[in-house]
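Hi everyone, thanks for making time for this one. I'd like to walk you through a single protein and how its parts fit together, so have the viewer open if you can.

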Amino acid sequence: MAAKPSLRTLMLVQLGFLAAMALILGVATSMLANTVAPQSALPLVLAVVLADVAIFIGFGHYLVTRLVLQPLMRLIAAADAVVAGNLGARAPDAETTDLTTLSHRFNRMTDHLLDAQGQLVRAEKLASIGRLAAGIAHEIGNPLGSATTYVEVLRRRDPQAREVVDGLTRELERIDKIVRSLLDYARPQEERVQPVDLRAVLTAAFNLLKAQGAFRRVQASLQCADTLPWIMGRAHPLEQALVNLLLNATVAAADGIVVLGGQPWAYEPGRAPRTRREGDRAGTVFPRGPERRPSRAEFTPGLPGVLLFVADSGPGVPMENREMIFDPFVTTKAPGKGTGLGLAIVARVVDDMGGVVWVDTAREGGAAFKMFFPAAQHP
């Protein structure tokens with residue numbers, strides 16, 4: 001993209017050119033009048049000067065309006081939209097470097113406000129739902145334990161009621177699973193963050209499910225860069241989050257493809273560059289759309305870190321569901337097949353470790369769940 005001229009340079013050049021042309025026209029008119037009609041030279045020169053002044057004022061007004069006032073009005077309109085609550089409003093570029101820089105700084109400020117607001121909303125949501133989850137789990141846990149005991153007593157007293165007892169036991173186990181998930185979601189992380197070797201975490205999560213036979217029906221692969229920056233985090237919760245995402249991917253992909261990967265990455269919240277994986281052939285790229293990624297107030301453009309991803313060839317996540325897919329009790333599975341807490345727990349783990357998580361369309365055709373963590377200063 002060609003460099004834009006500064007406002008001062010552009011106005012000086014154009015107004016200087018106009019003034020020079022006016023001066024040349026005035027001198028030429030004066031010389032012509034003195035030669036052709038000396039008696040009417042003064043009125044003719046005055047008329048030319050007045051015409052030059054009018055043209056100069058008109059062109060100056062047009063120039064100031066086009067180069068200064070209109071860009072400022074667009075910037076004011078964007079500012080008014082932000083004040084009204086539309087943090088997605090952006091100031092457009094201008095013709096000059098100065099006002100384009102001002103627009104970029106305004107947009108960066110708006111992005112920072114949007115990130116801070118999003119981080120605050122996430123924190124308040126996590127805290128409020130965490131308190132609610134802890135209360136519900138506590139209140140349900142006690143009667144659940146009693147109900148399980150009564151069912152066991154019924155099993156021993158009436159062997160003929162085995163089918164009913166088995167059904168009750170199965171449903172009570174489902175409730176117990178939900179209660180445990182609520183506790184996992186609400187439980188504060190007491191383990192301190194420390195340097196984490198992400199390559200070891202990725203390998204451990206992948207090998208765990210491979211050994212258990214979870215990848216029998218899919219073509220699973222681990223695509224991890226030879227060297228990954230270390231991060232400050234918690235290895236075990238992160239491994240559990242990756243296992244959760246991998247299990248979801250194997251269900252979604254059916255007999256398709258599942259990929260777990262990690263690569264060094266520079267974070268760009270408002271831009272989606274063309275990306276390339278380690279396993280891609282030379283020249284192979286996968287373009288991304290212009291949608292904005294989630295961010296945190298402390299993130300700066302180009303922040304170095306690590307991108308982890310779990311991609312599959314399943315049906316993917318519709319665009320209208322991507323904002324709420326990480327909320328508790330939101331699930332795309334059939335009724336009775338999921339609690340809607342798995343992705344919420346993943347989001348909480350990532351948020352507690354200072355990262356962000358989002359979902360894209362995978363090049364395999366399904367969903368690509370991505371996590372970004374800033375690189376540790378001293379691994």
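Before I show you a helix lying across some strands, one bit of vocabulary: two parts are in contact when they have heavy atoms within 4.5 Å, and the angles I quote run from 0 to 180 degrees between N-to-C directions, with axes fitted to C-alpha atoms. Please also keep in mind that this is a predicted model.

With that in hand, look at helix α5, residues 198-211. Helix α5 lies across β2, β4 (257-267) and β5 (303-312), and runs at about 170° to β2.

Let's step back for the overall layout. The protein has 7 helices and 7 strands, and along the sequence they follow the pattern α-α-α-α-β-α-β-β-α-β-β-α-β-β. Of its 379 residues, 37% count as buried. If you take the contacts with a separation of 6 or more, 76% of them come from residues 24 or more positions apart. On the outside, the protein exposes about 21900 Å², and carbon and sulfur atoms supply 61% of that.

Now the sheet. In what order do the strands of the open sheet come? The order is β2-β4-β5-β7-β6, so to speak from one side to the other, 5 strands with mixed pairing. At the edges sit β2 (219-224) and β6 (356-361), each pairing on one side only. From one strand to the next, the twist averages 20°. One pairing to zoom in on is β6 with β7, residues 367-374: these two are antiparallel over 6 bridges. There you can find T361 standing opposite A367 of β7.

On to the packing. The largest nonpolar core has 41 residues, and L238 and M371 are the ones with the most contacts inside it. Which elements give two or more residues to this core? They are α5, α6 (235-253), β4, β5, α7 (342-352), β6 and β7. Helix α6 gives the most, with 8 residues. If you click on L238 and leave aside its neighbours within four places in sequence, you'll see contacts with L198, V201, I231, L308, V349, M353, M371 and F373. Apart from this core lies another one, of 8 residues, including W265, Y267, L303 and W358.

Last stop, the aromatics, since I know some of you like ring geometry. The structure holds 9 aromatic pairs. Take F299 and F372: the ring centres are 5.6 Å apart and the planes are at 85°, so this pair is edge-to-face. F299 lies in the loop between β4 and β5, while F372 is in strand β7, so the pair ties together parts that are 73 residues apart in sequence. Are these two buried or exposed? Both F299 and F372 are buried.

F326 and F369 make another edge-to-face pair, at 6.0 Å centre to centre with 90° between the planes. Here F326 comes from the loop between β5 and α7 and F369 from strand β7, so this pair ties together parts that are 43 residues apart in sequence. F326 and F369 are buried as well.

And one thing to colour in before you close the viewer: ring pairs link W265, Y267, F299, W358 and F372 into a cluster. W265, Y267 and W358 are names you have already met, among the residues of that other core of 8. That's my tour, and I'm happy to take questions.

Terms used
Residues numbered from 1 in each chain as written. Predicted model: local features only at pLDDT ≥ 70, side-chain atom pairs only at ≥ 80, totals over all residues. Heavy atoms only, no water. Helix = DSSP H or I, 4+ residues; strand = E, 2+ residues; numbered from the N terminus. Core = buried A, V, L, I, M, F, W, Y, C linked by side-chain atoms within 4.5 Å. Buried < 20%, exposed > 50% of the residue type's maximum accessible area, 1.4 Å probe, protein only. Phe/Tyr/Trp six-rings, centres within 6.5 Å; stacked < 30°, edge-to-face > 60°. Areas by Shrake-Rupley, 256 points an atom, 1.4 Å probe, with all protein chains shown as cover.
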